[in-house]
Amino acid sequence: MNINELREHLCGQYPDLCPLFSIEFGDGVLVVGCDKLHAAASDLKDLGFDRLGMLTAVDRDETFEMVYRLTSRSMSAGIFLKCHVPRENPITHSLNSLWPAANWQEREVYDLFGIVFKGHPDLRRILLPPEWVGHPLRKDYEDDRMVRRPDYI
Amino acid sequence: MALVDKLGAALDSSGGGIILTSVDSLADWARGKSLWSMPMGTACCAMELIAASFSKFDFDRHGTFPRPDPRHVDVMIVAGTITRKMAPAVQRLYEQMADPKWVIAMGNCAVSGGIFYYDSYSVVRGVDELLPVDVYIAGCPPRPESMQDAVFQLREKIATESIAPGKTRPHEFLLPVPGASSGGGEAE
Amino acid sequence: MTGFVGGAVYGLAGGLVIAVAALFGVWWERKVSARIQMRLGPTEIGPAGLFQTLADTIKLVLKEDITPRQVDRPLFRMAPLLVFTPIAMSLVVIPFAGGWVPLNTSVGMLFFVAVPSVSVIGVLLAGFSSGNTYATLGGLRGAAQMISYELPRTLSVLAMALLAGSLAPLEVMNRYEWWWTPATFIALIVYFISSIAELNRGPFDIPEAESELVAGYFADYSGIRWAIFMMSEYGGLVAASFFGAAIFMGGAQGLPGVFGVLLIFAKALVLITLMMLVKWTFPRFRSDQLLTLAWKVLTPMALVQLVIVGVILPWL
Amino acid sequence: MTLDIKERSWTTGSDGTPVEELVVNVGPSHPSTHGVCRVIAHVDGEVVTKAEPVIGYLHRGIEKIVENRTYLQIVPITDRLDYVGSMYANWAYCRSVERLAGIRVPERAEYLRVITCELQRIASHMMSLGSTGADTGAATMFIYAFDVRERIVELFEELCGSRLTYNYVRPGGVSMDVPEGWFDDILSWTDAARNSISQMDRLFFGNFIARGRLKGIGVLSAKDAVGWGASGPVARGSGVNWDLRKHDTYSVYPRFDFDVPVGSNGDAYDRARCRLFECYESLRIVEQAIEQIEPGPFKADGIPRLLAPRPGDAYDHIESARGSLGIYLVSDGSPRPYRMKVRSPAFCNLALLPLLAEGHTLSDLVIVLGSLDPVFGEVDR
């Protein structure tokens with residue numbers, strides 16, 4: 001299914017999601033508010049996007065951009081679902097109830113970005129030791145033990 | 001302290017030259033020819049370490065074969081990146097090994113952190129921050145032949161060791177070794 | 001020779017035989033496994049690496065003997081000897097040559113099946129006293145396994161005793177006739193499999209399962225104490241093979257003196273090599289599968305063999 | 001930092017009395033964890049009641065490191081992600097960069113990528129099948145499997161000079177063309193490879209002990225496989241017919257005739273069988289690709305040394321030996337990526353371990369772990 005068919009399919013089924021849809025580098029992107037994320041993800045799951053391929057966050061100075069990549073086996077297509085979490089109080093909903101695949105990936109985002117997922121059954125650090133201070137993938141992370149690479153390129 | 005070390009100390013203080021030399025050469029021969037390894041394979045280098053003990057390269061020819069239990073081995077081969085989370089485990093495994101014990105740092109990550117030296121918040125820059133390393137092998141990853149070379153180098157190092165504490169033995173190295181005293185005698 | 005001196009001489013001889021057996025057994029195993037795995041095995045020391053195991057032994061003797069803090073010290077230090085001694089003792093009833101056995105007793109077969117099984121106590125103690133989860137699990141697994149394989153092993157030996165009409169291994173060997181081997185082939189197979197299991201060797205090496213329990217019940221032993229465990233394994237291997245060769249395959253019968261020794265040695269070597277081939281070819285059993293094999297397959301097989309012998313017996 | 005090994009744990013027995021559980025700490029350095037994974041297994045006798053994987057022992061912070069590297073400098077770092085199959089991470093990363101920078105890859109380069117990656121798949125599956133053998137105690141199987149792998153590694157060494165970390169696939173193509181006679185070397189080896197693989201098949205899977213050890217162990221239902229994001233042979237062993245090469249196709253894969261082996265029971269046996277049959281299919285693809293490949297450029301022209309794609313984000317994925325390996329790249333217009341995220345199939349597959357291991361014995365725990373085929377360079381990144 002190509003991207004335009006996907007757009008028509010989506011708009012036919014869920015008209016309220018239609019204006020949020022855009023196309024970037026050949027991929028469909030759906031930007032929603034974080035409070036509506038769970039509902040939108042649930043809608044997309046009903047539409048046939050049955051796999052949560054990837055879940056991550058990007059540090060965008062003021063906010064954290066949550067990026068979800070959903071894949072549909074029946075349509076052979078993928079779609080991005082994005083929402084922005086405020087940096088000051090980074091709390092968002094867990095998608096663990098829709099896809100158990102979110103379990104470890106949300107723990108990873110919590111570990112490396114410090115974003116808290118409401119409704120997650122077991123939100124602990126996963127990659128770093130439990131006593132680690134800070135969240136390394138934030139752009140403002142500072143660590144004495146880190147050696148910055150000399151800027152010679 | 002192994003019994004033989006007590007023996008070494010006793011012989012050394014009583015000036016038992018000939019006996020000490022004979023026991024030394026027997027101990028060094030046995031230790032050098034039978035270096036059982038503990039493969040501390042954490043990352044990429046572990047693959048080459050496996051290849052080194054398997055059919056084409058066959059470490060067993062030199063009497064070196066891997067055993068996973070730290071109590072039974074003589075040399076720990078640290079193959080791969082050591083992270084801060086892993087460091088206590090590596091140290092504990094080293095402590096569990098029975099004396100005499102040696103460490104080979106295999107690959108750039110174990111030598112210095114290698115490709116992950118800069119910008120990494122979790123990599124230990126070289127396993128020598130944690131353990132006393134005897135032989136370093138460069139390469140990312142080193143070829144299995146380098147592993148064999150490391151075993152031979154370690155043999156030469158063992159050949160200079162004495163069971164008397166703080167003493168070295170004269171040994172003619174195959175290749176010049178920087179910093180090694182080939183004359184023997186008292187160590188500093 | 002009797003009394004204390006005799007005991008000391010036999011004890012030393014038994015220890016020496018086991019030490020030599022372990023040296024060559026380990027070397028042979030490394031060579032056999034290497035050939036299966038397209039490798040060479042030890043080559044450096046001595047002809048074809050024959051003295052590699054000597055270097056290993058000297059090194060192990062010179063290594064630090066660690067007694068970890070959390071262990072039960074007396075039991076931990078005693079356990080290797082408890083494993084080793086029964087196996088060394090079992091050697092005395094094996095007829096190593098035609099007409100000669102170190103200890104000619106009328107209950108030799110019973111002695112051979114009963115005494116080595118005492119080493120299960122050593123295995124259990126080694127596992128339990130180490131205070132280590134791997135070792136504890138290994139010791140418990142070892143106890144379960146060694147006890148359940150006693151029965152088929154004893155039954156298979158019983159078939160031979162019934163056929164020969166004697167419990168003395170020398171008598172059984174002397175009365176051997178060539179058709180006994182085909183007639184008691186099932187007993188030989190049962191004996192072979194349950195001997196491997198008794199010795200905790202692959203595919204029954206679950207008490208020391210390297211990929212699961214790292215080293216099992218001897219995980220915390222180092223240096224000479226660990227070498228004693230290895231020596232008992234190979235001593236047991238040699239004892240089981242020589243006993244099997246003597247009882248089931250006629251042993252040294254028919255050839256006098258040193259030729260008889262060579263004959264029984266050749267037969268035992270076939271059994272030893274077969275055990276090694278099995279170890280290096282087969283995957284490991286799981287503990288429940290192992291017990292199923294013991295109780296549901298091997299024990300009935302051994303009973304069937306007893307029935308067959310019982311049917312043959314009146315016709316002799 | 002402490003090791004934090006807690007060896008005592010109390011639960012409530014069936015009659016309400018407190019029962020002490022045995023907590024077996026497997027790892028982080030254990031012969032069967034395939035790297036540095038730690039599994040805290042609560043056992044009742046031999047039966048695992050709860051298995052909790054602890055990962056991160058190889059977390060090197062690659063996603064942070066690449067934020068201070070140029071796009072070309074990142075390629076060798078992606079080699080160290082999945083060190084059993086380095087080509088895949090190279091390729092997935094280059095596809096994302098090409099999508100972001102709008103680079104068209106010449107056809108010969110696509111063919112070379114397919115050939116190397118399919119050889120890599122065999123090498124990787126050999127590692128996995130061999131370690132299945134080692135986990136069950138058949139060390140010889142591991143060595144036979146590694147022998148096949150060793151030949152592939154030699155071919156790669158001939159191609160790009162390295163045995164393990166190839167740095168071969170680059171944005172816009174591949175780093176160099178094949179040496180003379182390389183294709184003939186492969187074609188003269190494929191039959192021998194088929195023989196070796198079927199020999200291993202008979203040696204290990206033909207053995208009743210091996211079948212008894214693998215069948216019915218770690219059963220994963222198709223629904224769980226999809227929900228937990230499992231991919232690759234782990235999902236296909238459960239009957240989820242989902243292979244990116246076939247169903248979300250990329251590169252020149254539509255031009256080849258190959259099948260996707262799919263299991264039905266979802267146990268360790270089916271997963272291992274899927275891997276075994278995929279090796280045969282990969283050999284077929286390699287042979288077809290060598291037949292179809294034509295001379296031409298192996299790298300796109302006009303790629304600047306210092307790539308600076310326009311701002312935006314792109315995700316692309318390929319079917320690696322472990323499943324769908326995706327790389328998500330965010331560019332802010334500078335020569336360094338703003339963020340790179342590796343969607344690691346092994347990470348998602350490993351999350352299934354507590355689900356699959358529960359109720360099996362401790363001996364089966366290592367088999368379940370091995371059947372998920374984690375590579376910790378990729379799990380921990």
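How many bridges join β7(D) to strand β8 of chain D? Keep that in mind as we go; the model you have open is a predicted one, so let's begin with how far to trust a piece of it.

**Stop 1: chain A, coloured by confidence**

Select chain A and colour it by pLDDT. The average is 82, and 95% of the residues score at least 70. Now pick out helix α3 of chain A, residues 102–113: confidence in the chain is highest here, at 89. Then jump to strand β1 of chain A, residues 21–24, where confidence is lowest, with a mean of 71. Where pLDDT is low, the predicted coordinates should not be read in detail.

**Stop 2: a sheet in chain D**

Move over to chain D and show β7, β8 and β9. These three strands make an open sheet, in the order β7-β8-β9, with antiparallel pairing. Select 312–320 for β7(D) and 337–343 for β9(D): these two stand at the edges with a single partner strand each, so one side of each has no neighbour in the sheet. Turn the view and look at the twist, which averages 15 degrees from one strand to the next.

Back to the opening question. Select residues 323–331, which are β8 of chain D; nine bridges join this strand to β7(D), and the two run antiparallel. For one pair, click D:His317 and then its bridge partner in β8(D), D:Gly326.

Next, add residues 86–101 of chain D. This is helix α3(D), which lies across β7 and β8 of that chain, and its direction is at about 150 degrees to β7(D).

**Stop 3: where chain D meets chain A**

Show chains D and A together. The contact takes 32 residues from chain D and 28 residues from chain A. Strands from the last stop turn up again: β7, β8 and β9 of chain D each supply at least two residues of the side that touches chain A, as do α1, α3, α8 (222–227) and α12 (345–350). The largest share, four residues, comes from β8(D). By class, this side of chain D has 13 nonpolar, eleven polar and eight charged residues.

**Stop 4: where chain D meets chain B**

Hide chain A and bring up chain B. Here the contact takes 30 residues from chain D and 32 residues from chain B. Select α1 (62–65), α2 (74–79) and α5 (139–160) of chain D, the elements giving two or more residues to the side that touches chain B. The largest share comes from α5(D), with four residues. Colour this side by class and you'll find 15 nonpolar, nine polar and six charged residues.

Notes
Residues numbered from 1 in each chain as written. Chains lettered and ligands numbered in written order. Predicted model: local features only at pLDDT ≥ 70, side-chain atom pairs only at ≥ 80, totals over all residues. pLDDT = per-residue confidence, 0-100. Pairing = 2+ DSSP bridges. Axes fitted to C-alpha atoms, helices over the stretch in contact; angles between N-to-C directions. Contact = placed C-beta atoms within 7 Å. Nonpolar A, V, L, I, M, F, W, Y, C, P; charged D, E, K, R; others polar.
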